[in-house]
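Trainee: I am new to this structure and should be grateful for a close look at a single part of it. Please choose one region and explain how its pieces are arranged.

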Amino acid sequence: MSILRGARILLGITGGVAAHKSVDLASKLVQQGATVDVVLTDAARNFLGPAGLQAITRRPVYGSVFEPWTADFAGHITLGEESDLLIVAPATVNVVAELALGLAPDMLTTAALASTAPLLIAPAMEDTMFRHPAMQQNLETLRARGAMVVGPESGRLASGEQGIGRMSEPATIVGAARKILGRNGILQGRRIVVTAGGTREALDPVRYLGNRSTGLMGYAIAQSAIDAGAAVTLVSGPTSLDTPYGAERIDVQTAVEMKEAVTEAVNGADVIIMSAAVADYRPNAVRSEKIKKSELGATLSLDLVTNPDIIASIGHDGLIKIGFAAETSNLVEHAQRKLREKGLHLVVANNAEQAIGSRDNQVTLVWPNGDVDQLPLMPKSDVAELVIERVGTLLAG
Ligand code: CTP
């Protein structure tokens, strides 16, 4: 589950065309377990009504500073004080200026001043307005006070022109929210290297030897490590997955490239988690031209050589090494051998056929002291969270 579960979020929507994207943003936050209070400014109400947001959040949508106070609700003070995070998306040039100056003309800016929660801003405006020195200076002021600014992105703007000023996509803003909420987590101040996906070993310019790994498990681990406050380097084989917000991603194709990337990335790192499905062999030579059926006849024999074992080859004092074991039989026995031979602190063993390509995974944790924890089948995001909890315990002692 996401770190957003149980989080109180105040979502301020201000008057820009991108306001419609914030309906999806509210929905994504709610789906990940957050309680979302929306403040819709007067300008935003020109683009969006409160009904959809009310239905999604199952909470009142606020507007006026003069909402009646009750025993449990002291207007902007309650909204400000009870939030773990304040998101302003889209943030217009006007609201950015008001927040920078500490002006409080409406419910959103008043609640922002009544809050000590971190501030996440997703600006959306025309290119010239975004580049204006006043806007840049105001963003700088907010950043200097600890605010996180996500986006804006380049692309087609409301005017029809191309430029910088598109609000970041809701999924990116959710990622940024997770990073902020996780900042004081159990891996705060730690550097974690995670590998994910399968490697590809070229045979000729168009063909490769590969495997069916999708990268889902490794990407979930990278996200959980960010949720726990770690700085994450993600060394990834080819995949269509989105990079978790805040991870530094290094793309590789082959096992040898992965070894080079990992060897460099683990410098100064606290933990390496090798969830990648690394090819054990590669073609002895890569053909410079496409292999032709007409030259080969009925059979094709490949001359393969072993790849280096990445996790076995790296290590420095204090580096915690966690490996996976993808098995189709004798799971624990094979995992225990890998644990010993590769000098690991933990092996996450799974059934390769069940795990590859699936959203869920049933893993067994195999420890150097002989302990074996068989976990139930659960979503890979939950497996990732449990692995990261164990990493926290290993680091602590
Ligand atoms: N691994 C690695 N370098 C390799 C092969 C595997 O670092 N060349 C890592 C994997 O990322 C995983 C662990 O070693 O964390 C075990 O990988 P697995 O494929 O299960 O086992 P192998 O060691 O390759 O042995 P086998 O294929 O014979 O089961």
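Mentor: A strand, labelled E, is a DSSP run of at least two residues, and strands are numbered from the N terminus. With that in mind, Pro90 may serve as the point of entry, for it lies in strand E4. Please bear in mind throughout that the model is predicted. The peptide bond between Ala89 and Pro90 is cis, with an omega of about -5°.

Let us now turn to the sheet around this strand. E4 belongs to an open sheet of six strands, whose order is E3-E2-E1-E4-E5-E6 and whose pairing is parallel. The edges are formed by strand E3 (61–62) and strand E6 (148–149), each of which pairs on one side only. At the E3 edge, strand E2 (residues 35–40) runs parallel to E3 and is joined to it by two bridges. Within that pairing, Val39 faces Tyr62 of E3.

Helices also lie against the sheet. Helix H2 crosses strand E1 (8–13), E2 and E3, and runs at about 170° to E2. Helix H4 (residues 93–101) packs on the sheet as well, where it touches strand E4 (85–91) and strand E5 (119–123). The direction of H4 makes about 145° with that of E4.

H2 has a helical partner too. Two packed helices are described by the angle between their axes and the distance between the axes. For helix H1 (residues 21–31) and helix H2 (residues 50–57), the angle is about 10° and the axes are 9 Å apart. Because angles under 35 degrees count as roughly parallel, H1 is described as roughly parallel to H2. H1 contributes Ser22, Val23, Ala26, Ser27 and Val30 to the contact, while H2 contributes Leu53, Ile56 and Thr57. Of these residues, five are nonpolar and three are polar, and none is charged.

In the loop between H2 and E3 lies Arg58. Its phi is near 60°, a positive value in a residue other than glycine. Arg58 has a relative accessible area of 74% and is therefore exposed, since the term applies over 50%.

We return now to the E3 edge and to Tyr62. What is the relation between the rings of Tyr62 and Phe73? Their centres are 5.1 Å apart and their planes meet at 15°, so the pair is stacked. Rings pair if their centres lie within 6.5 Å, and planes under 30 degrees apart count as stacked. By this rule the model has one aromatic pair. Tyr62 is in strand E3, whereas Phe73 is in the loop between E3 and helix H3 (75–81), so the pair ties together parts that are 11 residues apart in sequence. Are these two residues buried or exposed? Because the limit for buried is under 20%, Tyr62 counts as buried at 8%, and Phe73 likewise counts as buried at 13%.

The view closes at the opposite edge of the sheet, which is E6. In the loop between E6 and strand E7 (153–156) one finds Pro152. The peptide bond from Gly151 to Pro152 is cis, with an omega near 0°. A cis bond thus appears beyond this edge strand, as well as at Pro90 within E4.

How values were computed. Residues are numbered from 1 along each chain as its sequence is written. This is a predicted model: local features need pLDDT of at least 70, side-chain atom pairs count only at pLDDT 80 or more; totals for chains, interfaces and linings use all residues. Side-chain values use heavy atoms; hydrogens and water are left out. Axes are lines fitted to C-alpha atoms, for helices over the stretch in contact, and angles run from 0 to 180 degrees between N-to-C directions. Helices (H or I, at least four residues) and strands (E, at least two) are DSSP runs, numbered from the N terminus. Angles under 35 degrees count as roughly parallel, over 145 as roughly antiparallel, 65 to 115 as roughly perpendicular and the rest as oblique. Contact means heavy atoms within 4.5 Å. Ala, Val, Leu, Ile, Met, Phe, Trp, Tyr, Cys and Pro count as nonpolar, Asp, Glu, Lys and Arg as charged, and the others, Gly among them, as polar. Two strands pair if DSSP finds at least two bridges between them. Rings of Phe, Tyr and Trp (its six-membered ring) pair if their centres lie within 6.5 Å; planes under 30 degrees apart count as stacked, over 60 as edge-to-face and the rest as tilted. Buried means under 20% relative accessible area, exposed over 50%, partly exposed in between (1.4 Å probe, protein chains only).
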